[in-house]
Amino acid sequence: MTPATDASLHLLYGGTFDPVHLGHLAVARAALATTGAAHLDFVPAADPPHRGPPGAAFADRLDLLRAALASEPPPAVGTWAIDPREGARQGPSYTVDTLREWRAEHGEARPLGFVLGADAFLGLTGWHEWRALFDLAHLLVARRPGCALEGLPPALREALDGRWATEPADFHTAPAGRVAVLDLPLQPESATAVREAVAGRRPPFGLPAGVAAVIAARGLYRDLAPG
Ligand code: ATP
């Protein structure tokens, strides 16, 4: 475990990862490279609050993440791993609870960034205790095809006033509270498209080789309604 005295920027990347795809990995690499963070943890949601039940069980999604990290090259900047903590909690996997847990372990002063895609960011005001997120972490937003960041809901736009980071160093000099958009090409992958392809017996697009192998070996997503 990272010692509480470590002052380096840490990133958490939450999601359902149902399954993890190459778009997620590209976002994680860009988050590490853009901020110069020391480490990023993928944090799979056990019970994602804003959607129906995942197509694969938490244990399978965790194994898919492990397979992805084992079959793909490591990031050029920093390190990455998986933080399975949401699997140990009962009830909906609220990000605010995860960030509070992390803060209790690592202290109030350590810089922490939370990575999310534009679709998730546009819906942020629907998240449990969403305003508290800014006190707990910086937010790093990855653009996504079809998600215009120009049309932010008014309450979110207001909450972001004065928070936009001007340079990556901003994330190292405060523990939380800044927001930045990640600079990376649009990533076309989507977990929904992967699940639909597998259920429809079509080749899925954008999977790490190790993830495709685990999906095939376990027969994951085959019995979902095809899209
Ligand atoms: P689904 O299609 O099931 O909604 P997804 O592909 O969006 O899945 P999630 O596990 O929900 O995958 O994504 C985790 C986080 O990564 C979310 O914040 C999401 O916005 C972001 N994300 C996922 N895919 C991309 C992508 N291609 N580009 C940028 N961000 C992405």
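Biologist: In this structure, what relative accessibility does Arg85 have, and does Arg85 count as buried or exposed?

Modeller: Please keep in mind throughout that this is a predicted model. Buried means under 20% relative accessible area, and Arg85, at 12% relative accessibility, therefore counts as buried.

Biologist: Which residues meet the side chain of Arg85 in salt bridges?

Modeller: The general idea is that side chains of opposite charge can pair when their charged atoms come close. Here Arg85 forms a salt bridge with Asp83, at 2.9 Å from N to O, and another with Glu101, where the closest N and O atoms are also 2.9 Å apart. Glu101 belongs to helix H3, whereas Arg85 sits in the loop between E3 and H3, so the pair ties together parts that are 16 residues apart in sequence.

Biologist: Are the two partners of Arg85, namely Asp83 and Glu101, buried or exposed?

Modeller: Asp83 is buried, with a relative accessible area of 10%, while Glu101 is partly exposed, with a relative accessible area of 26%. Through salt bridges that share partners, Asp83, Arg85, Arg89, Glu101 and Glu105 are joined into one network.

Biologist: How many salt bridges does a search of the whole structure find, and which of them links distant parts of the chain?

Modeller: The search finds 10 salt bridges. One of these is the pair of Arg195 and Asp18, whose side chains meet at 3.7 Å from N to O. Arg195 lies in helix H7 and Asp18 in the loop between E1 and helix H1 (22–35), so far along the chain that 177 residues separate them. Both Arg195 and Asp18 are buried.

Biologist: What should I look for in the backbone of that loop around Asp18?

Modeller: It helps to check the peptide bonds and the phi angles there. A cis peptide bond joins Asp18 and Pro19, with omega at about 5°, and Pro19 has its place in the loop between E1 and H1. Phe17, found in that loop too, has a positive phi of about 50° although it is not a glycine. Phe17 counts as buried because its relative accessibility is 2%.

Biologist: Where else does a residue other than glycine take a positive phi?

Modeller: Tyr221 is one such case, with a positive phi of about 70°, and it lies in the segment after H8. At 3% relative accessibility, Tyr221 counts as buried. Arg201, just after H7, also takes a positive phi, of about 60°.

Biologist: How should I read helix H7 itself, and which of its residues are buried?

Modeller: An α-helix has 3.6 residues a turn, so residues three or four places apart point the same way. In helix H7 (residues 191–199), the buried residues are Ala191, Val194, Arg195, Ala197, Val198 and Ala199, and these buried residues pack against helix H8 (209–218). At the N-terminal end, Ser190 caps H7, with a side-chain oxygen 3.3 Å from the backbone nitrogen of Thr192.

Biologist: Turning to the sheet, what is the order of the strands, and which strands form its edges?

Modeller: To read a sheet, one follows the pairing from strand to strand. This is an open sheet of six strands, paired in parallel, with the order E3-E2-E1-E4-E5-E6. Its edge strands are E3 (79–82) and E6 (179–182), each of which pairs on one side only. On average, neighbouring strands are turned by 25° against each other, direction ignored. As an example of the pairing, strand E1 (residues 10–15) and strand E4 (residues 112–117) pair over four bridges in the parallel sense, and the bridge partner of His10 in E4 is Leu112.

Biologist: Which helices lie on these strands, and at what angles do they run?

Modeller: Helix H2 (residues 58–71) packs on the sheet, touching strand E2 (39–44) and E3, and its direction makes about 160° with that of E3. Helix H3 (residues 95–106) lies across E1, E2 and E4, and runs at about 160° to E4.

Biologist: What, finally, should I make of Glu72, and how far away is the nearest side chain of opposite charge?

Modeller: Glu72 lies in the loop between H2 and E3. Since a salt bridge requires the charged atoms to be within 4 Å, a buried residue may be checked against that limit; Glu72 is buried yet has no salt bridge, and the nearest side chain of opposite charge, Arg29, is 4.5 Å away. Leaving aside neighbours within four places in sequence, Glu72 is in contact with Leu22, Leu25, Arg29, Pro208 and Ala209.

Terms used
Residues are numbered from 1 along each chain as its sequence is written. This is a predicted model: local features need pLDDT of at least 70, side-chain atom pairs count only at pLDDT 80 or more; totals for chains, interfaces and linings use all residues. Side-chain values use heavy atoms; hydrogens and water are left out. Two strands pair if DSSP finds at least two bridges between them. Helices (H or I, at least four residues) and strands (E, at least two) are DSSP runs, numbered from the N terminus. Axes are lines fitted to C-alpha atoms, for helices over the stretch in contact, and angles run from 0 to 180 degrees between N-to-C directions. Contact means heavy atoms within 4.5 Å. Buried means under 20% relative accessible area, exposed over 50%, partly exposed in between (1.4 Å probe, protein chains only). A polar contact is a pair of N or O atoms within 3.5 Å; within protein, one must be able to donate a hydrogen and the other to accept it, and residues adjacent in sequence count only if both atoms are side-chain atoms. Lys and Arg count as positive and Asp and Glu as negative; His and the chain ends are not counted.
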